[in-house]
Amino acid sequence: MSGVPPHEQNSHLLMALDNMRQGLTMFDASERLIFCNAQFLRMHELSPDQVQPGCTLREVLELRVRSATLFGDVDHIVERTRQRVASGKITRTLDEWVNGRVVAIEVAPIGDGAWVTTHDDITEHVEAVDQLRRTKNFLDTIIDHVPATIIVKDAASFRYVLVNKNGEEYLGHAKDQLIGRTADEIFPAAVAAKVAEQDRHALASPERLVYQSAPLHDPDSRILIQGRKCVVRSPGSAPEYLLSIIEDVTERTRTAERLSFQARHDALTGLPNRVQLTERIDDALSRLKRRGEHFTVMLLDLDRFKSVNDSLGHPIGDGLLNAVAQRLRASLPETDFVARLGGDEFAILQTFEGDQREAAVALSNRILDVFSATYDVGGHQVVTGTSIGIAFAPEHGTDVDQLMKGADLALYRAKSRGRNQFCVFEPAMETEAHSRHALEIDLRNALKHAEFEVHYQPVFDTVMETPCGAEALLRWRHPQKGLVSPAEFIPVAEETGLIIPVGEWVLRTACREATNWSSHMKVAVNVSPVQFRKGDLVDTVARALVDSNLPPERLELEITESVLLHNNEENLAIMSALKSLGVSIVLDDFGTGYSSLSYLKMFPFDKIKIDRSFVTELSERPDCAAIVCAIVNLARILNMVTTAEGIETREQLLLLRAAGCSFAQGYLLGRPVRGTELAFYTPTGGACDHAAA
Ligand code: C2E
Ligand code: MG
Ligand code: MG
């Protein structure tokens, strides 16, 4: 300003002072105002007329009190100002005004008792600082509550910058011992070295996240951690901070392990399940490929498990499955693998030395043997056997599905052969299964499409050779295959449960047609064991009789021994109920089954049908003749009559007559025919007889 005239310099100076952000006053040693700037007047809502140079400090303060920018005792403020000026030092105080503004007031002595006061409105600044503090508190609280350890270090000095609550616990030191210090200054040398190594590794790594899994202090502890480190970089990409987040994953890992165990094990027996079996077979298949090691897959199904469950209840059923699992495990070498597939199905993966077939047969025999011993389950003596299906790798398949399917088909064969045995897969089983499946589909439609017929084979009095009734035999006229034998489709109908509606249809048809026969002619209907187990047999029979109007004494129900094999008490009750309807109960195919004689004691049958296998060999084998004689005599003692089935020659008929057999049935006397072709068919038969009676 050297070239500028003094009066202009003054006006520049005044302008500058007026434009200051702060309000400014200057007093002389006699406490009279020398100068105040425009901002001062604005801040205190004063006019230039009110505040003139020469006003005393007290006057100015009183004006401020009036304009409400000052509170308090003016005398006291005057006194304090004097002290501040006298101190010779710049002093600063904060005032909060009634209008909410915060003002920093600075008193600066300028020598000889004069001073300058500045009034700086710092409200926004104070608010911003306060907001910042609140934000920091908020973030600190959040970070402290994150259920993970958070540690931040300066990337250059490796000094701790931030540690949350979990971090204090993890590092074993309080925050104030950590912040600003390095690991070297806090931890034993070994731990510090490890920390330093991890930090250096994270800094050098090109990865964004670096993982660490061992706990810091105790690498052998049971606590599992998952640590992640990342480098926080400046906008110019220089490393600024090293952030570590460490989580305790013990619970999560244990849960995952537990779930994975549950997914791979059977909950009841603790044995591996199907998932593991599949994996093991896959492993065995790759060993087969690499090293040519053969192996065997076996599927096991408990015999009569359902009847244990049904008759003794599920807890005993579960107990039996556990006992079976134990026996199975104990009877296998360590190298063999056993799994439970669900229900009463188990599987074995057998590895072996020597001949594959021999090893499988030996193991199967051992299992059959071990299983045959009685089980003690909850105080109940339980007997069960098992059927076993066997498939060899690679002979019967080189993938899981082929082998499982092969073993399953072999198991099916073992069961249909009468259970408690093993069976090795044969390719023919597959074709059989296909045709069985096709048959099953056709069978489902047969009833709807009226493809069934009932034929009747007459039964004769052995001595008089006159007919006394007929046996109803089911026929299926398949649209493509022609007549299908019941031997072929009845087992399938039994397996699928279709025998229930089909059996009912036969019963109703036979009862209805029999009313067209002479009134002393009986009709015999075959009843499947499945109808006993699942059907409402007593009701069905009662309804068929009522609806057809056939007198109950003209109906015979033929059952086989297998009905007596399971659920004895229940089935015996059903048989008694049937008998009390007035119908006769006949034991069919006698002599083919198990311990036949004991069944004769169990239930008062009306009639026994001697199986065709005895009749066929009657003339050639004297022992057959002896057996037939014995059966006839036994029946007579037990008050039962006998029918011989399958008589094809006159010689057979004569021998049976001589043995005292009451009734005869066979191609010699009459083949199964339609009801209308029977000799005693009289469309008005029943009605005529009734009329005659
Ligand atoms: P089953 O009850 O023992 O019936 C006698 C079987 O022997 C009948 O075979 C009959 O045709 C046959 N047969 C009769 N006399 C002779 C003979 O002199 N020589 C020969 N070789 N065979 C003779 P079919 O009709 O094939 O029936 C076979 C089996 O199917 C029956 O044996 C029976 O167990 C079952 N079955 C037939 N119809 C039904 C039915 O409606 N329901 C049920 N559950 N089973 C039935
Ligand atoms: Mg029969
Ligand atoms: Mg028979």
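# Close-up views of a predicted model

**Figure 1. Strand 3 meets strand 4.** In this predicted model, strand 3 (residues 91–96) and strand 4 (residues 102–111) run antiparallel and are joined by six bridges. To find your way along the pair, start at leucine 94: its bridge partner in strand 4 is alanine 104. Keep strand 4 in mind, as it comes back in the next view. One general tip for looking at strands: in a regular one, the side chains alternate between the two faces of the sheet.

**Figure 2. Strand 4 turns into strand 5 through a hairpin.** How many bridges join strand 4 to strand 5? There are eight, and these two strands also run antiparallel. You can pick out a couple of the matches yourself: glutamate 106 has threonine 118 of strand 5 as its bridge partner, and valine 103 stands opposite aspartate 121, also in strand 5. Now look at the turn. The hairpin has two residues between the strands, and aspartate 112 takes a positive phi there, near 55°.

**Figure 3. Strand 5 also pairs with strand 1.** Here strand 1 (residues 23–27) lines up with strand 5 in the antiparallel sense, over five bridges. A handy landmark is phenylalanine 27, whose bridge partner in strand 5 is tryptophan 115. So how enclosed is strand 5 (residues 114–121)? Seven of its eight residues are buried, so strand 5 is largely enclosed by the rest of the structure.

**Figure 4. A nonpolar patch sits on the surface.** Which residues make this patch? Phe138, Leu139 and Ile142 do, and together they give a nonpolar surface patch of about 290 Å². Let's zoom in on isoleucine 142, which has its place in helix 5 (residues 123–145). With a relative accessibility of 42%, isoleucine 142 counts as partly exposed.

**Figure 5. Four residues hold a magnesium ion.** The magnesium ion (ligand 2) is coordinated by Glu471 (OE), Asn526 (OD1), Glu558 (OE) and Asp588 (OD), at 2.0 to 2.2 Å. Along the sequence, these donor residues follow the spacing E-x54-N-x31-E-x29-D. Asparagine 526 sits in strand 21 (residues 522–526) and aspartate 588 in strand 23 (residues 584–590), so this pair ties together parts that are 62 residues apart in sequence. Are the two residues buried or exposed? Asparagine 526 is partly exposed, at 31% relative accessible area, while aspartate 588 is buried, at 6%.

**Figure 6. Aspartate 588 does double duty between two ions.** Stay with aspartate 588 for this view. Aspartate 588 bridges the magnesium ion (ligand 2) and the magnesium ion (ligand 3). The two ions lie 3.9 Å apart.

**Figure 7. Two cysteines without a disulfide.** If you go hunting for disulfides, you'll come back empty-handed: a search of the whole structure finds zero. Take cysteine 55, where the nearest cysteine sulfur belongs to cysteine 36 and is 8.5 Å away. A disulfide needs the two sulfur atoms within 2.5 Å. Cysteine 55 is buried, with a relative accessible area of 11%. Cysteine 624 is in no disulfide either, and the nearest cysteine sulfur, from cysteine 629, is 11 Å away. With 5% relative accessibility, cysteine 624 counts as buried too.

Notes:
Residues are numbered from 1 along each chain as its sequence is written. Chains are lettered from A and ligands numbered from 1 in the order in which they are written. This is a predicted model: local features need pLDDT of at least 70, side-chain atom pairs count only at pLDDT 80 or more; totals for chains, interfaces and linings use all residues. Side-chain values use heavy atoms; hydrogens and water are left out. Donors are N, O and S atoms within 2.8 Å of the metal (3.2 Å for Na, K and Ca); water is not among the atoms, so sites may look incomplete. Helices (H or I, at least four residues) and strands (E, at least two) are DSSP runs, numbered from the N terminus. Buried means under 20% relative accessible area, exposed over 50%, partly exposed in between (1.4 Å probe, protein chains only). Two strands pair if DSSP finds at least two bridges between them. Patches are made of residues with over 30% relative accessible area and no salt bridge: like charges are joined within 9 Å, nonpolar side chains (Val, Leu, Ile, Met, Phe, Trp, Tyr) within 5 Å. Accessible areas come from the Shrake-Rupley method with a 1.4 Å probe; for residues, only the protein chains shown count as cover. A salt bridge is a side-chain nitrogen of Lys or Arg within 4 Å of a carboxyl oxygen of Asp or Glu.
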